[in-house]
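Hi,

Here is the structure I promised to pass on. Have a look at it first, and then read my notes below.

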Amino acid sequence: MASPPEIAQILTSTLNSDPNVRMAAELKLSELLVNPQNALSLTQLILAQDADISLRQISLATFLPKHSASILLRKYVNEHWSPFFPQFRGNAPPPDVKEQIRRAVFQGLSDPIRKVRSLSAHALSTIAKSDWPDEYPDLLTSLIRLISSDSPSAIHGAMQVFTEFVRDELTEDQLLPVLRELLPVLLSILGDSERHSPLTRSRTVAVFRQSVEALYMVKGQHPASVKEASESILPVWLEAFKVLLCIDPLQDVSGENWDGLALRIQVFRTLDTIRTSFSRALAPYLSDFLSHSLLHLQVLYPTFARYYLTDDASVPKSSEDEPIELHKLAAQIMDFISSAGRGSHIKAWFEQQNLPAVVDVLLLWAQMTKENEEDWASDANLFVAQEDDETQAYSVRIAVFDLLSSLITDGPVRIIKALESSTNRVFSDATQARSTSDADWWRLLEATLAAVGSQSEAILDAIEDEDDSGRPKPIDLERLLTGVIPGLITLHEHPFLQGRALVMAGRYSKLMSTAIAGQYLDAAVQVLESPETGVPFKISAVKALQQFCHGIDGTALVPTAPRMVKDLGPFLLETTEETLSLVLETLAATVEVEGGKWLAPNLASDLVLALLQVWEKNIKDPIFLSILTDLLESIAHASPAVYEVAVKQALPRLTAAIGNTDPEQSWVASSAIELVSSLASGAPENGLGANFFTTVAPNLFATLKTTEDRDVIQNGVAFLTLVVRRDVRQLLDWADADGCTGLGHTLLVISKLIRSQEESGGLVIGDLIIHLLRKAGEDVLPVLPELLWAMLVRMQEAQTATFLQSLIIPFAFLIHSQSDAVLDVVEGIDPATLGGRAGLDVLLNAWCENAGTFQGFWPIRISTLALCGLLASPRQSVRSVVVKGDIIVREETRNVDEVIMTRSKTKIVPHEWTRVPFPVKALKILLHELQTNGEAATLSAPADVDDDDGGSDWEDEERGTGGFRPDEVAFLADILGKAPDGAFDPEDILQDNDDEDLRSDPVSQLNIQEHIVGFLRQLKEGNTGFSELAGQLTEEEQEVVRKAIT
């Protein structure tokens, strides 16, 4: 057993700058810590007050899976403490040693050194995951005793354990008893500002927030107990929060540190949590808390301006040497206002002259900071990232925009009017400040333009709605666009304001006349061409051009479009990351103007060469590849002449890249195939052009023959499908040096994928087979029996729904188009080659089991039509096949809809099914399709559910839509491809799921409901066995049949 001094010496060596010494020490530690006694020595070092603090921290890191700690020490608990941990390797400490180690770590919670306390807390939380409650039953009691002590250090240490413990470890049954004992102690600490620091008190609020979240999580299992607990606990804490927020917030930013802000951050964060989980309890207090929120933003703004906008003063750190940023409190307050502002009864608060005050203060907080200005001026990518509408970088500026968006959604006209009033005041104040030579006069003006621009979509919709209703517009943007913004664009000494003005103009370009739009467009292009303009202004010009392309009529853009492409081209080779994405997206928007008919071949040639260079530099980036493929397709689609030039420039280089068969660089071939596909997608209607497939085919088939990379295979199959659809003759006419045709190679690819155990190819292989059968059916006919046999063999082993669909839908297509011939082939397959099963038995069983999982509008319809044909077939071989029917409901599985059936449960209580003749199952599938096609499940919640989470807080109009506002329902409907009234739009579904060939197919134009109803009526009239068939349906299904045929 190594002594603590020996352990300390080895730990010292782990900090040595010599890598050899350091590695030797780490290996030595790894050997020593296999022995539990040495781990005990390590804990003794933790308690040694005279030991070097760095060594004590490293010692504690043994128990903390934290990436910054020593890897060797960190591994001890994970590898040697308990079999509970996945990395366990044996040599667990005996119970008495474990007890001593736990006692030592627990003692570390009271250590006078904060870092030791924190590491002890993390260590104890980790140990508790495996030991509590069986091996460590007194942990909670000990922690509550510790948190009730008079020691600030001990309270701090225990609080950190509770923060993780309440969130992760307590079960539903343990939670409520623990909280009843814990929360009163936390509340007493929160209220005792004389004895406890703001940071300690903030941690009590953090633990309380975790408790609220935990209560909400168990509400479904213990509704009565949680309701009782929330009604007794929440009001007390909310009253305490009111008292805390009544204290002047300036007190917390006037001393040596800003510790008090941490407490306020936690309070507003907890209020937000209560709002989303127990909103009814918060409702009586909302007006007061909203008033406190507004007051905090108003009172603290001067401090924000001093430290972040104007002075270079350093932001004070906390007493624990960690930064507490004022803007984090502001952002948290804004998040709370956004959440609280949704209630219908809270509108009264906004209407009491609070809304203008909220808008005014939000614009103040949206200003660029000094740090923003420095960072954005030096790093174009940072500047572009903060401009992105979908930015992930959260800041107080983004919080302002999010809150404005939320307020506009709830009441667009009133908030837009308030925004206009604030904007007018800002313009007036900025003009006055500028006249007094205030160097920062432009900041608030830039922030206001940014705020108005960030809400452009909602504001434009509101203007259109008011105009359509004959009411005055809520904001006069035309005055800004014609009388104010043009003057700002010329202020070269303020590039951020210049750029903001130009971007805003682009966002509202839909409101401009052609003449005004042309002036702005010319100004943006001049910015790109001027060598004097700085990076922020140039990037803003690029962003504005992108907006102009979306907002201005294409005919007005055509004269300037070639100039825009020429000016944007150089940026392709000079920019990276977000800036390059912006340039590519702007080029894509430009090329799409009027379908690119204005694009000259020589300009297209230069652009394609530049895009290929971008691709070669960013070949592994999926985002760039996505933009490049769309852009290359748009260029190719511009005109036949441009297509010819694009192919001439790109195809040879891309073909060479496809021939790269290095498995370590598979992305090269994969991305090259995608780009070739984009060229083919943009091809003219008369085909791919001479030698297109001849150029690509040798390298393509060679790569597909050898590669096992999923992306290469999928992209290759997708390209072959595109060739079949666009110019199948080229594939059929090509042959390699050995005489193997393009069709032969394609069939080899299909055969390889069918035999492969890797099913990730999914739907792509099915699409290729379908289009081959549609476009080259006569050529495929000689090998069709062998192909169908191979598909049936694989069908018996396939596991994934998408792969099974790829195998089944081609049969459905063939049965619909030439039923007898295909059924003859399937019936003629020797059962011995299918494991003793008849071909129809394999096909129909797989079909019936997976019909409910088919994806895509056309595949579902062709399956339905083919099932109709099979159901009407007089063949005894079809009618005699027996398939799975309905699930057999037993007592154990009766509540399967309410209970999640895990794999272990289904092994204990496996599902059982009835066995029915195929015609019965086929009829069931058709009836299900009849019921579901064209209808959507409603979004409404049951009206009789009493929701303790505060249903009364929501708008009455939201109750019928499950908590969603009508505009949100419309948004969801748009995503789902249906109208808000529940009727699906087939055109939307077709565009999203099927290619244009299938969209134009007669199958897609068929009214499937009318067809099924007509088919059922014909079946009843012409089939004497229909009544017997219908008699095997459930009562609900029989009712559907009766309604359909009468």
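Which helix gives the largest share of the lining of the second largest cavity? That would be H31, with four residues. Before I go on, please keep in mind that this is a predicted model.

Some background on that cavity. Searching the whole structure turns up two cavities of 30 Å³ or more, and the second largest has a volume of about 40 Å³. Its lining is made of Val608, Leu611, Leu612, Trp615, Leu628, Leu632 and Leu675. Helix H31 (601-617) and helix H32 (622-637) each supply at least two residues of that lining. As for character, the lining has seven nonpolar residues, no polar ones and no charged ones.

Now to the salt bridges. The whole structure has 33 of them, and a few are worth a look on screen.

Start with Arg500 and Glu446, whose closest N and O atoms are 3.0 Å apart. This pair links distant parts of the chain: Arg500 sits in helix H25 (residues 495-507) and Glu446 in helix H22 (residues 441-454), 54 residues apart. Are these two residues buried or exposed? Both Arg500 and Glu446 are buried.

Next, Arg875 forms a salt bridge with Glu827, and here the closest N and O atoms are 2.9 Å apart. Again the pair links distant parts of the chain, with the two positions 48 residues apart: Arg875 is in the loop between helix H43 (857-872) and helix H44 (876-879), while Glu827 belongs to helix H41 (residues 801-827). Arg875 counts as buried because its relative accessibility is 17%, under the 20% cut-off. Glu827 is partly exposed, at 35% relative accessible area.

There is also a network: Lys98, Glu99, Arg102, Arg103, Asp131 and Glu135 are joined into one by salt bridges that share partners.

For a local pair, go to Asp733 and Arg729, whose side chains meet in a salt bridge (3.2 Å, N to O). The two are separated by about one helical turn, because they are four residues apart in helix H36 (residues 710-733). Asp733 is exposed, with a relative accessible area of 54%, whereas Arg729 is partly exposed at 46%.

On the surface, Ile887, Val889 and Trp913 make a nonpolar patch of about 260 Å². You'll find Val889 in the loop between strand S1 (882-887) and helix H45 (903-908). With a relative accessible area of 48%, Val889 is partly exposed.

Last, some backbone oddities. Most residues other than glycine have a negative phi, and most peptide bonds are trans. Which residues does a cis peptide bond join here? Trp132 and Pro133, with omega about 0°. Pro133 lies in the loop between helix H7 (114-131) and helix H8 (139-147).

Two residues to check for phi are Asn91 and Glu577. Asn91 is not a glycine, yet its phi is positive, near 60°. Its place is in the loop between helix H5 (71-81) and helix H6 (95-108), and Asn91 is partly exposed, with a relative accessible area of 46%. Glu577 also has a positive phi, of about 45°, without being a glycine. Glu577 is in helix H30 (residues 577-591) and counts as partly exposed at 47% relative accessibility.

Over to you, and happy browsing!

How values were computed
Residues numbered from 1 in each chain as written. Predicted model: local features only at pLDDT ≥ 70, side-chain atom pairs only at ≥ 80, totals over all residues. Heavy atoms only, no water. 1 Å grid on protein atoms, 1.4 Å probe; cavity = no way out; pocket = protein on both sides within 12 Å on 5 of 7 lines; lining within 4 Å. Points joined across faces, edges and corners; volume = space filled by probe spheres on them. Nonpolar A, V, L, I, M, F, W, Y, C, P; charged D, E, K, R; others polar. Patch = residues over 30% accessible without salt bridge, like charges linked within 9 Å, V, L, I, M, F, W, Y side chains within 5 Å. Areas by Shrake-Rupley, 256 points an atom, 1.4 Å probe, with all protein chains shown as cover. Salt bridge = Lys/Arg side-chain N within 4 Å of Asp/Glu carboxyl O. Buried < 20%, exposed > 50% of the residue type's maximum accessible area, 1.4 Å probe, protein only.
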